[in-house]
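Work through these exercises with the structure open. Try each task before reading its solution.

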Amino acid sequence: QAPAGDRPLVYASLGTLFNDQPDFYKMLFAAVKDLPVSLVTAIGNSVKAESLGTIPANVTTGAYLPQLDILEKASLFVTHAGTGSVMESIYYGVPMIGIPQMPEQFFTAMQLEKLRLGKALLDKELLSAELLHDTIRTMLNEPSYRQTADEFKADMRNSGGARLTAQSIIDFVSRHR
């Protein structure tokens, strides 16, 4: 469950394949400990919460979390920029900070920034608690990111979805028999 309260909810997940990164989680915890936010982060099975040191009071961790339920309430998503996660974030109108973990995610993260759906933090060598802190603060305080995410959300939800896709396939097959 997402934490109760009025604080903006920041959700963080590096996906299911590349989440064995205790140093990243420690950096993220340091970034948010003094921010007026609630952070919920999925840390996977490889990292144990006990190994992450003191977890700030405004942070909740879990091995795997119900991403859709949390995104529905989130104000910001710190993501690996995987296609599924990005599409889910757009569906709920949540701006993103893309921290790609594999090559194709770099392109997606760059597109997030280009489209003003979020920020891309591409260089792991430059990633720091201070950079995360400043980026989270900027993203939460700059309304244009939420406005853009809401525009994309409306477009996605009005596009026809699964019904239109199914009908398009049926129409295609009918035309090409």
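**Exercise 1.** Which residues does Pro-56 touch, not counting residues up to four places away in sequence? Then place Pro-56 in the fold and classify it as buried or exposed.

*Solution.* Keep in mind that this is a predicted model.
- Step 1: contacts. Pro-56 touches Phe-29 and Lys-33, leaving aside residues up to four places away in sequence.
- Step 2: location. The loop between β2 (38-42) and β3 (59-62) holds Pro-56.
- Step 3: burial. The relative accessible area of Pro-56 is 15%. Buried means under 20%, so Pro-56 is buried.
- Step 4: distance. Ala-30 is 26 residues from Pro-56 along the chain, and their C-alpha atoms are separated by 8.1 Å.

**Exercise 2.** Find the residues that touch the most other members of the largest nonpolar core. Then say which element gives the most to this core.

*Solution.*
- Step 1: members. This core has 26 residues. Phe-24, Tyr-25, Leu-39, Ile-97, Ile-99, Leu-132 and Ile-136 touch the most other members.
- Step 2: elements. Two or more residues each come from β1 (9-13), α1 (22-32), β4 (76-79) and α5 (129-141). The most come from α1, which gives six.
- Step 3: one member up close. Beyond four places in sequence, Leu-39 touches Val-10, Ala-12, Leu-28, Phe-29, Val-32, Asn-58, Val-59 and Thr-60.
- Step 4: the other core. Another core, of 19 residues, lies apart from this one. Its residues include Ala-42, Ala-74, Phe-77 and Leu-117.

**Exercise 3.** Take helix α3 (residues 83-92) and list its buried residues. Why do they line one face of the helix?

*Solution.*
- Step 1: list. Ser-85, Val-86, Ser-89, Ile-90 and Tyr-92 are buried.
- Step 2: look down the axis. The buried residues of α3 fall within an arc of 165 degrees, so they line one face of the helix.
- Step 3: cover. The elements covering these residues include α2 (67-71), β4, β5 (96-98), α4 (103-114) and α6.
- Step 4: helix end. Gly-93 comes just after α3 and takes a positive phi of about 70 degrees.

**Exercise 4.** Locate Phe-152, classify its accessibility and list its contacts.

*Solution.*
- Step 1: location. Phe-152 sits in helix α6 (residues 143-157).
- Step 2: accessibility. Phe-152 has 28% relative accessibility, so it counts as partly exposed.
- Step 3: contacts. Not counting residues up to four places away in sequence, Phe-152 touches Ile-90, Leu-115 and Leu-117.
- Step 4: distance. Tyr-91 and Phe-152 are 61 residues apart along the chain, with their C-alpha atoms separated by 7.8 Å.

How values were computed: Residues are numbered from 1 along each chain as its sequence is written. This is a predicted model: local features need pLDDT of at least 70, side-chain atom pairs count only at pLDDT 80 or more; totals for chains, interfaces and linings use all residues. Side-chain values use heavy atoms; hydrogens and water are left out. A nonpolar core is a set of buried Ala, Val, Leu, Ile, Met, Phe, Trp, Tyr and Cys residues joined through side-chain atoms within 4.5 Å. Buried means under 20% relative accessible area, exposed over 50%, partly exposed in between (1.4 Å probe, protein chains only). Helices (H or I, at least four residues) and strands (E, at least two) are DSSP runs, numbered from the N terminus. Contact means heavy atoms within 4.5 Å. The arc is that of the directions from the helix axis to the C-beta atoms.
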